[in-house]
Amino acid sequence: MEDAGGDRVEEHARAFEATTKDKTSSGQTKEKSPPGRLENAPSHLDPSRWWFASAAFPMIAGTLGPVASAFSILALVRPWRQYYVAVNLPDEAPFIPDPEWLTAINAVQLFIAIGANLALLLNMTRRLRFSIAQPVTIVGWYVSSICLVALTATASGPLVIEPAYEYIWSQAFFYGIYSAILYFIVASLMVMTFMGAHMGRYPKDFMLTPSQRTLMLQTISFLIYLLLGALVFCNVESWGYLDAVYWAAVTLFTVGFGDLYPETTLGRALLFPYALVGIISLGLVIGSIRSLVLERGKHRLDARMVEKKRRRLLRSLVMKGKDDILSPIREPSGLVSSPPSIGPGSSVTTGLTEFERRGEEFKLMRKIQHDAERRRRWYAMAISGSTWLVLWLVGAKIFQEFEGPYQNWNYFEACYFAFVSLTTIGYGDVTPVSNAAKSFWVFWALLALPTTTILISNAGDTIVKGIRDTTDQIAMITILPGERGLASGSARAKQANDRVDEETHLERAGANAAAAAATTNKQDAPRSSNKLITFSDSVSPRASWRQNDNGGGGGGGSGGGAESLRSFKRPGHRRPAKSDDSTASLARIEAASRSTSAQLLRMTRAVSLPRQSLPPIPTTPAEYHLTLIEEIGRVTQHLKTHPPRKYTFQEWAWYLSLVGEDENDADRHHKAHAHMRGEKEKHRENRDGKWSWVGSRSPLMSSQEEAEWILDKLTTKLERELRRAVRGERKASLK
């Protein structure tokens, strides 16, 4: 029941409040894991089927449940049989009253189904407990389904009036069949959800976002609007009510066949507001479905595909003997195999430091992400395309069977009709006239049109994206260069490639310099104790930040990460007295704080370039806290970018160093293993606190976006530091 979209704010707020309330008797915050330890939600380790049972199935039930109830209402408002003799069209045939007991049972099942829908709605809005609402919903829908199946079977069997060819089934009879099918499907889905919660696979509650909870309300509102509008127009235009429902669906779905249309002045006047509001309401429902399927579902699918791709790649590296790149380098430098390329090519042995090895491991994980994302897009395209084809071709066959006795349709004509309906073209030259076809069209369109919208969105991510990228490349060479034509375009493309190569060289140079500086610091400075250290004896990072923001090189290494973060006040270390140095430091802080707001206003995706070197960690608590605040502001700006911001290895190394990690320290890293699965791998990494970029605790494996993950860790670190400072001031005041 994870949701990686932007609607997780409430969950993060509750988690933050729970963390702040969890304190010891001395006022300290309980830290269940050592500071700096990376923790991820294990969404990529959970089977996908349990995500469907916990989140997808309730959403489907919440959407189709009201549709089934609407069809139950339509099955009750008119008798189920018509006398079809000496008339031209089925809608002109007179109705034959149903037995009273059939109508009574039909009304009772409708009342039970509405109660089941209400229980599910109250459970989703957290007004009714899961343990009460789910049994009520499941039993209610199953009872309604069984009643409708029994009634339709009885009406089509013992209650058949002879001669049978003189009578036809009305649209109400077919709506009863569709309602029974939907009730059985949604009840079965909720059984799976209830079983998963009972087995402890997820909490007994719907962890749904506001948009997911309101989808059921949007569906109910749209269906009520459609049915009430049909009631008004059937009285204004003297139509049958079920024909008016068919007309309302054709109108609000923007198909507009033209077989039914308002002829009175009042009906045409009412059409203006009715169609406008109805189309907007339908757009909201389809938009919510699209958002939930594409935006929410893709994060879970991405996580699973990245996990599978990661394990396959690790196993492949082990089998080929090219897994040396995954082993931490304990010495200042060593010889390991270069990162294997996925495809033809040979590995070249070269000397790498631990910082460089981590960079190559990071690139390997980026490659895994890229391949999994591309596969996920085409997988979604295949699923939506297959579903659309099934709805088109199978729906066409059903339309052919229903319209054959009345209009003698062949399969091609049925495919033509289904296609112009799916694409909302609606020429109107071929339209249904039978009761079965009209009622089935309403049921079929409610499923087909959202599927078409999802197919178009997936096509935009795959086929259209490929065409657009190819067109942009051709335009870069031919049209965009201007008057100088092809030669200018080629030269410009070459210059762009040269710039990319230069930036890559600078990144590697910065990484090497940072690693060398960190290695020198480790060799010169004595090892500290195992206690967490917070500040280093290095220069202020302000000048380095300004150089990097202005495009300068900026010196310095990685700052040593956790090893170079030393506590400002250590046991046995005297507090330094105020001096000219501290006054100058305060002046630098004030100057930096005055420029922070201007820097944040300039922070956009275009100007936020990867840093070529890592600034040193601040020397004083005040500077360190100000740096954290400044970076929180920067990352907050990154949250606004679309598509989501992807950070370079240099940026990740800097942010990790701020929260206590060190990309130079091999003691904090371990080799990822493909043979360890699920909870076993998670337990191993949580036990020793070590991690790998291609391991299960990698920040790139989190269900959060990268900027969201970094912001979470920076705010947590700032909170801990401020609490530590408050405790220090309290102890000093007591002395």
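Helix H9 has a kink of about 30° at Glu401. The proline Pro405 comes shortly after that kink. The model is predicted. H9 covers residues 354-407, which makes 54 residues. At 1.5 Å a residue, such a helix should span 80 Å. The C-alpha atoms at its ends lie 76 Å apart, so the expected span and the model agree. Asn408 follows H9 and has a positive phi, near 55°.

Helix H5 can be checked in the same manner. H5 runs through residues 171-198 and has 28 residues. At 1.5 Å a residue, the expected span is 40 Å. The end C-alpha atoms are 41 Å apart, so here too the span agrees. After H5 comes Gly200, with a positive phi near 80°.

Now turn to a helix pair. Helix H7 takes in residues 241-252, and helix H11 takes in residues 435-461. The two pack at an angle of about 40°, and their axes are 10 Å apart. That angle makes H7 oblique to H11, because angles under 35 degrees would count as roughly parallel and those from 65 to 115 as roughly perpendicular. The crossing of H7 and H11 is left-handed.

Which residues make the contact? From H7 come Asp243, Tyr246, Ala249 and Val250. H11 contributes Lys438, Trp441 and Val442. Five residues of this contact are nonpolar and two are charged. None is polar. The charged ones are Asp243 of H7 and Lys438 of H11, because Asp and Lys count as charged.

Conventions:
Residues are numbered from 1 along each chain as its sequence is written. This is a predicted model: local features need pLDDT of at least 70, side-chain atom pairs count only at pLDDT 80 or more; totals for chains, interfaces and linings use all residues. Side-chain values use heavy atoms; hydrogens and water are left out. Axes are lines fitted to C-alpha atoms, for helices over the stretch in contact, and angles run from 0 to 180 degrees between N-to-C directions. Helices (H or I, at least four residues) and strands (E, at least two) are DSSP runs, numbered from the N terminus. Angles under 35 degrees count as roughly parallel, over 145 as roughly antiparallel, 65 to 115 as roughly perpendicular and the rest as oblique. A crossing is left-handed if the near helix is turned anticlockwise from the far one by less than a right angle, and right-handed if clockwise. Contact means heavy atoms within 4.5 Å. The expected span of a helix is 1.5 Å times one less than its number of residues. The bend at a residue is the angle between axes fitted to the seven residues ending there and the seven starting there.
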